[in-house]
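Reader: Got a minute to walk me through this one? I'd like to talk about the fold in general and then the empty spaces.

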Amino acid sequence: MNMQTTNRQTAAEAALIEAFNNQIGELPGDGSVIAIRDRLLDDLKKAGLPTRRVEAWHYTDLKTLLRAIPEPAGDAGSEARDPLVEESSVLSVIQGVPNLKASVDGLDISAYAAQLSNGTAATSLGALGNDDAIGRINGSFVRDGYVIDVAADTSLEEPLEIQFVHAGGQAHTRLPVSFGANVKAVVIERHLAVTSDAAFVSHVSDITVGEGAELTWIIVQQQGAEDTHLGQIRVDLGADAKLKLFVINAGGKLVRQELHIKVTGEGADLTLRGINLLGAETHTDVTMVLGHNVPHTGSTEVIRNVVFDRAKGVFQGMIRVAPDAQKTDAKMACNTLLMSDDAEFSVKPELEIFADDVQCGHGATVADIDHNHLYYLMARGIPENKARAMLVNAFVAEIVEELEDEALVESLESVISAWLEKHA
């Protein structure tokens with residue numbers, strides 16, 4: 001469904017247009033890039049931010065939920081933050097500006113601003129379709145980021161953490177990463193706020209996984225309590241490649257994380273695991289579109305959600321199996337704990353299957369904590385809030401432990417535990 005063609009501007013839409021007009025002279029880009037920026041912003045003017053009338057945004061009425069665009073940012077400092085996993089290599093993007101002095105063995109690293117300036121970014125800067133509000137916003141405003149190439153047969157001995165740090169205001173970044181054949185790597189894409197000032201953040205990661213590569217990509221979103229985070233990851237998965245994609249949302253007031261994944265090589269396999277921790281009056285939406293486009297590929301998706309207070313959450317999962325994608329094996333599950341009578345979580349799993357020799361399925365559950373388990377712990381002297389936190393932690397830790405790497409598991413469990421201490 002196309003976005004609506006008539007638009008009565010909200011304050012946030014007017015602020016976006018004003019911000020673009022104020023910044024256009026400063027945004028990097030040659031003629032082709034500037035033309036794309038102008039077209040993206042013009043499309044946004046005409047259609048406006050998506051509402052419930054747009055099917056892909058039915059549960060996240062961005063036009064209503066996005067009420068203001070903050071003023072320019074404060075100072076986030078110039079130093080990278082401590083990584084989640086000790087001994088990790090760190091690349092930092094602070095207030096939208098990458099640290100180009102940093103280097104990592106085995107990686108070719110450059111600035112995305114250079115691709116904007118010379119026009120090579122033009123081919124991938126556009127939106128994915130009529131409903132791609134994140135692509136439109138990011139393509140209009142993006143200033144910089146990293147471009148990373150990992151040569152074939154490279155093995156990264158330690159995790160690579162790419163930090164996107166802000167102190168409020170606006171930050172719009174991109175991260176194109178290409179992994180050559182047979183690469184082995186663990187990458188943590190981490191988004192975090194260092195002040196309580198409200199922020200408006202958009203980010204697009206564009207990942208190409210080469211033949212036979214084995215990649216673990218972990219998104220950890222730790223934005224501030226007043227922040228809007230619009231994130232998108234685009235993945236092209238090559239032949240015999242294996243991708244483990246983990247997404248943890250543990251922050252933000254208004255969050256939309258999109259996963260656009262194309263399985264384009266035979267023998268490829270995707271493992272997606274997601275954890276959404278929601279509290280207060282926040283809104284978090286994870287939307288996945290997965291295309292199995294060739295034969296003999298597999299995927300499993302498991303999303304775990306914990307919703308406290310008056311928070312609202314969404315998971316939309318679309319699996320499309322192309323006519324040529326025989327022998328596809330795809331399974332998707334979404335499990336939710338509602339910890340409050342006022343909490344809400346909407347689930348929309350979808351299968352579009354155009355091949356006849358496949359194994360595909362999906363399921364969803366919504367429940368409260370088992371009160372027998374809660375009673376068992378409280379009868380042994382554990383306070384109720386602590387007992388609830390223990391049960392919730394067990395619910396989500398089950399899929400974190402699939403990572404198998406002890407240091408990674410401990411680091412992600414610490415993120416989850418820290419969030420639960422504040423909200424459980």
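Author: Sure, we can start with the chain as a whole and then turn to pockets and cavities. One thing up front: this is a predicted model, where local features need pLDDT of at least 70, side-chain atom pairs count only at pLDDT 80 or more, and totals for chains, interfaces and linings use all residues. Numbering runs from 1 along each chain as its sequence is written, and side-chain values use heavy atoms, with hydrogens and water left out.

Reader: OK, how many helices and strands are in the chain?

Author: Nine helices and 19 strands, taken as DSSP runs numbered from the N terminus (H or I of at least four residues for helices, E of at least two for strands).

Reader: And what's the radius of gyration of the chain?

Author: 21 Å, which agrees with the value near 22 Å that a compact globule of 424 residues would have. That is taken over C-alpha atoms, and the globule rule is 2.2 Å times the number of residues to the power 0.38. Along the principal axes, the C-alpha atoms fill a box of roughly 70 × 45 × 45 Å.

Reader: What share of the residues is buried?

Author: 54% of the 424 residues, with buried meaning under 20% relative accessible area (1.4 Å probe, protein chains only). Contacts (heavy atoms within 4.5 Å) reach far along the sequence: of those with a separation of 6 or more, 85% join residues 24 or more positions apart.

Reader: Switching to a single residue: where does Gln257 lie, and is Gln257 buried or exposed?

Author: Gln257 is in strand β12, residues 254–263. Its relative accessibility is 2%, so Gln257 counts as buried. Beyond neighbours within four places in sequence, Gln257 is in contact with residues including His229, Asn249, Asp285 and Thr287.

Reader: Now the pockets. How much space lies in the largest pocket?

Author: About 790 Å³. A pocket here is an open set of points on a 1 Å grid over the protein atoms alone, with protein on both sides within 12 Å along at least five of seven lines, and lining residues have an atom within 4 Å of a point. Points are joined across faces, edges and corners, and the volume is the space filled by probe spheres set on them. Of the 29 lining residues, Leu65, Arg67, Lys253, Glu281 and His283 are closest to the centre.

Reader: Which strand gives the most to that lining?

Author: β16, with three residues. By class, the lining of the largest pocket has eleven nonpolar, seven polar and eleven charged residues.

Reader: And what about the second largest pocket?

Author: That one holds about 650 Å³. It has 28 lining residues, with Ala56, His260, Thr287, Val289 and Arg320 nearest its centre. β12 supplies the largest share of the lining, five residues. By class, the second largest pocket's lining divides into ten nonpolar, five polar and 13 charged.

Reader: How many cavities are there?

Author: Two of 30 Å³ or more, a cavity being a set of grid points where a 1.4 Å probe fits but cannot get out. The largest cavity has about 60 Å³ of space.

Reader: Which elements line the largest cavity?

Author: β5 (160–166) and β6 (169–179) each give two or more residues, with the largest share, three residues, coming from β5. Among the lining residues are Phe164, His166, Thr173 and Gln223. By class, the lining of the largest cavity has five nonpolar, six polar and no charged residues.

Notes:
Nonpolar A, V, L, I, M, F, W, Y, C, P; charged D, E, K, R; others polar. Buried < 20%, exposed > 50% of the residue type's maximum accessible area, 1.4 Å probe, protein only.
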